[in-house]
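Please load the model in your viewer and keep the selection panel at hand. The tour below proceeds by selections, each followed by a description of what is found there.

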Amino acid sequence: MTTTPAVSYADWLALYARDVSTTETIATARLRAITGAVLAYIGWRENDSGVRTLTSTAHTVVIPSLYGLRDSTRLTLPLAPVTAVTDVRAGDDVGGTSGVDYAALVSGTDYRLDLSDPRSPALRWLGGEPAGEEVRVTLTAGWSTVPEDLQGIVGELTSWSLKTEARRGKTSASDGQTASTGYRPEEWPPDLLARLAPYVCPPARVVRR
């Protein structure tokens, strides 16, 4: 499969301004909005600082034992890629979010991190599934450098969005509410959706961070 050559965000902004006769302020605002739409589509979550970023950082998630999301041998993690798991606790939901009401599990004794499938990282239970309604996991997820192809997809979606609205006469100086093309995945070009598929996070129900 041919991959579109990488183009930096700065280069994309210059192209937007030239191709749709708009300002870099509008292009930057649209790039930010499209980036948020893409992150939502692939299932990326806020990190422990409340920021949604693809840069490698700490995420804490609480995953319930209901809805078939856990089995007796493994727990699929809700983000990918994962590079480390720093804390795992299991217990019952008694309203606590600090983890003091959960029992700590030990790496190498109770579980191991399974990265054999980078797109579906999991915890493998070594001593049987832990007791309790929930598992609380603190992990490191994301990239040290965001993949060039993913950056390119965001850039192409932004360019497509601006050009489409320019043709419809909708692009405004403030990139206001009428300028909405490109925020809904059902509108996106099929080839870009296909290229996004490898970045979609594993399905999981997370009850809270």
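Select strand 3 (residues 82–91) together with strand 4 (residues 103–104) in this predicted model. The two strands pair in the antiparallel sense over 2 bridges. Within this pairing, A90 has A103 of strand 4 as its bridge partner.

Keep strand 3 displayed and add strand 7 (residues 134–141). Strands 3 and 7 run antiparallel and are joined by 8 bridges. Here G91 is found opposite E134 of strand 7.

Next, show the side chains of D87 and R89. They form a salt bridge in which the closest N and O atoms are 2.9 Å apart. R89 counts as partly exposed, because its relative accessibility is 24%.

Turn now to the open sheet of 3 strands, which has the order 2-6-5 and antiparallel pairing. Which strands stand at its edges? They are strand 2 (74–76) and strand 5 (111–114); each has a single partner strand, so one side of each is left without a neighbour in the sheet. Neighbouring strands of this sheet are turned against each other by 25° on average, direction ignored. For the detail, select strand 2 and strand 6 (residues 122–125), which pair in the antiparallel sense over 3 bridges. R74 stands opposite R124 of strand 6 in this pairing.

The next selections concern charged side chains. The model contains 7 salt bridges. One of them joins E165 and R30, with an N to O distance of 2.9 Å. E165 belongs to helix 3 (residues 148–168) and R30 to helix 2 (residues 24–42), so this pair ties together parts that are 135 residues apart in sequence. Are these two residues buried or exposed? Both E165 and R30 are buried.

Move to R195 and D149, whose side chains meet in a salt bridge at 2.7 Å, N to O. R195 lies in helix 4 (residues 190–196) and D149 in helix 3, so the pair ties together parts that are 46 residues apart in sequence. R195 and D149 are likewise buried. To complete the charged selections, display D87, R89 and R136, which are joined into one network by salt bridges that share partners.

Proceed to the aromatic rings, where 3 aromatic pairs are counted. W44 and W143 are stacked, at 5.8 Å centre to centre and with 25° between the planes. W44 is in the loop between helix 2 and strand 1 (57–64), W143 is in the loop between strand 7 and helix 3, and the two are 99 residues apart. Both W44 and W143 are buried.

Extend the selection from W143 to Y199. The ring centres of W143 and Y199 are 6.1 Å apart and the planes stand at 65°, so this pair is edge-to-face. Y199 lies in the segment after helix 4, and the pair with W143 therefore ties together parts that are 56 residues apart in sequence. Y199 is buried, as is W143. Select W44, W143 and Y199 jointly to view one aromatic cluster.

Finally, colour the model by pLDDT. The average for the protein is 78, and 71% of the residues score at least 70. Confidence is highest in strand 5, at 96, and lowest in helix 1 (residues 9–20), at a mean of 50. Residues 1–7 have a pLDDT below 50, and this stretch has 5 contacts in the model beyond near neighbours in sequence. The pLDDT is also below 50 over residues 171–179, a stretch with 15 contacts beyond near neighbours in sequence.

Conventions. Residues are numbered from 1 along each chain as its sequence is written. This is a predicted model: local features need pLDDT of at least 70, side-chain atom pairs count only at pLDDT 80 or more; totals for chains, interfaces and linings use all residues. Side-chain values use heavy atoms; hydrogens and water are left out. A salt bridge is a side-chain nitrogen of Lys or Arg within 4 Å of a carboxyl oxygen of Asp or Glu. Helices (H or I, at least four residues) and strands (E, at least two) are DSSP runs, numbered from the N terminus. Buried means under 20% relative accessible area, exposed over 50%, partly exposed in between (1.4 Å probe, protein chains only). Two strands pair if DSSP finds at least two bridges between them. Axes are lines fitted to C-alpha atoms, for helices over the stretch in contact, and angles run from 0 to 180 degrees between N-to-C directions. pLDDT is the predictor's confidence in each residue, from 0 to 100. Contact means heavy atoms within 4.5 Å. Rings of Phe, Tyr and Trp (its six-membered ring) pair if their centres lie within 6.5 Å; planes under 30 degrees apart count as stacked, over 60 as edge-to-face and the rest as tilted.
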